[in-house]
Amino acid sequence: MNTYNIKLVMVAICTSLLFVQCADDDDNGNVISQETCDDGIMNGDESGVDCGGSCDPCGVNDLDFSGTYAQEDVMGRPGINTVFSGADDVKNDFNTTIVSDRAAFQPTFEATLEAYHDVYGDALGVDLDYEANILTLDAPTFTTVLAQFDALQVAPDAPTTYFDGTNVLTGRNLGDDVIDISLTLMFGGTTGTRFDGNNGTPQLTSDGAGPGDRDFTLPFPYLEPVNVN
């Protein structure tokens, strides 16, 4: 092949590459950039992601929740399993056991509750036992509530609260200090102040952590605007 023919071939190749590149960049109808109804992107004339416009109407392909499902987990009360189950294998068993079958964990929870009191009693040099709490729940009853009913209940006809002094476990507000409430039920005794750090007692009814800069009356993520001054 002479030099002239080689030049013609090279020009033809370069021209074709230039044409393809221009087609890819400018021709929205080519195969590479064509919008589809299953590309996971809201594009073309869609009114939602892969729906509306020339695609199926939005809503017709929503998830189908009919049928039978197996429970994987429940919305438990914060810290209960962590604090009362003890060993990791017990924690794992608790997490995978349905709520209605958790009565078997009550003896473990009660033993753990009394063990905490023994530890603090030994540190104080006194014989320290659990005392019925501000809800008048003795150790067996309290730990039954913790173990057997460790799921956030909802009371449609009562204020939504973890505990507001009157209503108990009717749900949970974002601003509820559930850890302090739990500690008070564990160590506060009948008055809620048995071991609150006063009168020479250790502070066992609070973790000392407040909401910080979170104002739960604001929209998510509940933070005040940044002070730029």
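Start in the loop between helix 4 and helix 5 (139–148) and select T136, which sits in that loop. This is a predicted model, so treat each stop as a look at computed coordinates. Check the backbone here: T136 has a positive phi of about 65°, and it is not a glycine. Most residues other than glycine have a negative phi. Is T136 buried or exposed? Its relative accessibility is 67%, and exposed means over 50%, so T136 counts as exposed.

Stay in that loop and pick E131, then add R194 to the selection. The two form a salt bridge, with the closest N and O atoms 3.9 Å apart. Side chains of opposite charge can pair when their charged atoms come close. Where does each partner sit? E131 is in the loop between helix 4 and helix 5, while R194 is in the segment after helix 6, so the pair links distant parts of the chain, 63 residues apart. Color both by accessibility and you get partly exposed twice: E131 at 31% and R194 at 24%. Don't go hunting for another bridge, as the count comes to one salt bridge.

Now follow the segment after helix 6 (178–187) to N199, which is found there. Bring up its phi: the value is near 55°, positive in a residue other than glycine. N199 counts as exposed, with 82% relative accessibility.

Next stop, the surface. Select D118, D122, D127 and D129 together, and you have a negative surface patch. Zoom in on D122 and you'll find this residue in helix 4, which covers residues 106–124. D122 has a relative accessible area of 63%, which makes it exposed.

Finally, hide the surface and go inside. Which residues touch the most other members of the largest nonpolar core? Select F84, F105, F109, L113, F142, L146 and M186: out of the 23 residues in that core, these have the most contacts with other members. To see where the core comes from, color by element: helix 2 (80–84), helix 3 (88–96), helix 4, helix 5 and helix 6 each give two or more residues. Which element gives the largest share? Light up helix 6, as six residues of the core come from there.

Key:
Residues numbered from 1 in each chain as written. Predicted model: local features only at pLDDT ≥ 70, side-chain atom pairs only at ≥ 80, totals over all residues. Heavy atoms only, no water. Patch = residues over 30% accessible without salt bridge, like charges linked within 9 Å, V, L, I, M, F, W, Y side chains within 5 Å. Areas by Shrake-Rupley, 256 points an atom, 1.4 Å probe, with all protein chains shown as cover. Salt bridge = Lys/Arg side-chain N within 4 Å of Asp/Glu carboxyl O. Lys, Arg positive; Asp, Glu negative; His and termini not counted. Charge placed at Lys NZ, Arg CZ, Asp CG, Glu CD. Helix = DSSP H or I, 4+ residues; strand = E, 2+ residues; numbered from the N terminus. Buried < 20%, exposed > 50% of the residue type's maximum accessible area, 1.4 Å probe, protein only. Core = buried A, V, L, I, M, F, W, Y, C linked by side-chain atoms within 4.5 Å.
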